[in-house]
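Q: I'm new to this one, and I'd like a careful walk through it. Could you start with the terms and then go on to the details?

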Amino acid sequence: MGITRNRFRTFAVATALTAAALGATVLGDTIATADPSAEGSFLEEISLNNATLPGKKADEMVAAGYATCDHLRGGTSVLDEISAVETTYQFHQGVLFVSAATTNLCPGFAG
């Protein structure tokens with residue numbers, strides 16, 4: 001059976017995020033502080049990628065993004081976090097949301 005392009009992309013992103021998260025764990029990661037420019041970049045990225053959380057305001061999405069970072073720092077695997085975001089917010093863009101969070105709000109997890 002062939003892997004569809006979306007599944008392959010999801011797998012590739014999840015693999016990259018997992019590797020980056022493991023690297024951050026090994027190297028140690030500092031506690032992130034709120035950065036308005038990072039938050040704006042996060043909101044812009046999830047908006048451009050159609051990965052905004054249904055029915056949530058900007059501040060709620062930023063809080064969810066920081067919660068994602070906290071979960072990853074606490075040892076949650078990237079794949080489990082993607083699944084949790086999709087289940088919690090009932091949408092199918094968990095990969096893009098988690099990717100945007102790790103890139104902008106907790107860059108120690110981004111590759």
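A: Helices (H or I, at least four residues) and strands (E, at least two) are DSSP runs, numbered from the N terminus. The model is a predicted one, in which local features need pLDDT of at least 70 and side-chain atom pairs count only at pLDDT 80 or more, while totals for chains, interfaces and linings use all residues. Residues are numbered from 1 along each chain as its sequence is written, and side-chain values use heavy atoms, with hydrogens and water left out.

Q: OK, so in what order do the elements of the protein chain run from the N terminus on?

A: They run α-α-α-α-α, and the secondary structure of the protein chain comes to five helices and zero strands.

Q: How many disulfides are there?

A: The structure holds one disulfide, a term for a pair of cysteine sulfur atoms within 2.5 Å. Cys 69 is joined to Cys 106, with 2.2 Å from S to S.

Q: And which parts does that pair tie together?

A: Cys 69 lies in helix H3 (residues 58-73) and Cys 106 in the segment after helix H5 (94-104), so the pair links parts that are 37 residues apart in sequence. The link is left-handed, with -80 degrees about the S-S bond.

Q: Are those two cysteines buried or exposed?

A: Both Cys 69 and Cys 106 are buried, where buried means under 20% relative accessible area, exposed over 50% and partly exposed in between (1.4 Å probe, protein chains only).

Q: What share of the protein chain counts as buried?

A: Of its 111 residues, 32% count as buried.
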